[in-house]
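Reader: I have a structure in front of me and would like to learn how to read its helices. Could you take me through it slowly?

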Amino acid sequence: MSLSYAEMTCPNCGAKTKESCNTWMYGSPVKTCASCNTEYIDRRWREVAIDGFDPRSSNSGFYLKGLLGFVVFTVVCVLLLFLMSASSGHFPLKLLVAAIGGILGSVFCAYRLFVIKSGIQDKDNAVFMTESKQRLKNSEYVEKLEKYGYKIPDEFKK
Ligand SMILES: [Zn+2]
């Protein structure tokens, strides 16, 4: 699942690297610059066996509120659209754009809700957790994270 890209800037030479990432940036925070070979840490990435999952990712209440908000917004826009075009004969384009935005927002929230409620999220998370634990089996990698200031859970310490 690589839906988006993260851009990282090397602290040594300033070169920018793009890397495909999942929605929540689950993965190793240890990066190596392709230009100068410097290793650095990018804290935006979550090593989920240490950092845990992003709390927003499983917050279905948040997306439910979002969905309701967008649906109400869309309905209001569509009603106004009808009222205004009926009374003035004009078709207010801005209102149409707002209504489409409302629909897209609704669809996005509904999709996130579905992913959480259907268990797809949990399955994805299990995969990310397995990958993360796999990385942490490497004691060199664990030492590296510790050096960068990560608090390593006892189960990964040798
Ligand atoms: Zn560099």
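Author: What follows is a short talk about a pair of helices and one residue. This is a predicted model, in which local features need pLDDT of at least 70, side-chain atom pairs count only at pLDDT 80 or more, and totals for chains, interfaces and linings use all residues. Residues are numbered from 1 along each chain as its sequence is written.

Reader: How are H2 and H3 placed relative to each other?

Author: Two packed helices are described by the angle between their axes and the distance between the axes. Here helices are DSSP runs (H or I, at least four residues) numbered from the N terminus, and axes are lines fitted to C-alpha atoms over the stretch in contact, with angles from 0 to 180 degrees between N-to-C directions. The axes of H2 (residues 60-88) and H3 (residues 93-117) come within 8 Å and cross at roughly 155°. The two helices are therefore roughly antiparallel, a term for angles over 145 degrees.

Reader: Which residues of H3 are buried?

Author: A residue is buried if 20 or more other C-beta atoms, placed from the backbone, lie within 10 Å of its own, exposed if 12 or fewer, and partly exposed in between. In H3, Ala99, Gly102, Cys109 and Arg112 are buried, and H2 is included in what covers the buried residues of H3.

Reader: Is valine 142 buried or partly exposed?

Author: Valine 142, which lies in helix H5 (residues 139-147), counts as partly exposed because it has 19 C-beta neighbours inside 10 Å.

Notes
Angles under 35 degrees count as roughly parallel, over 145 as roughly antiparallel, 65 to 115 as roughly perpendicular and the rest as oblique. Two residues are in contact if their C-beta atoms, placed from the backbone, lie within 7 Å.
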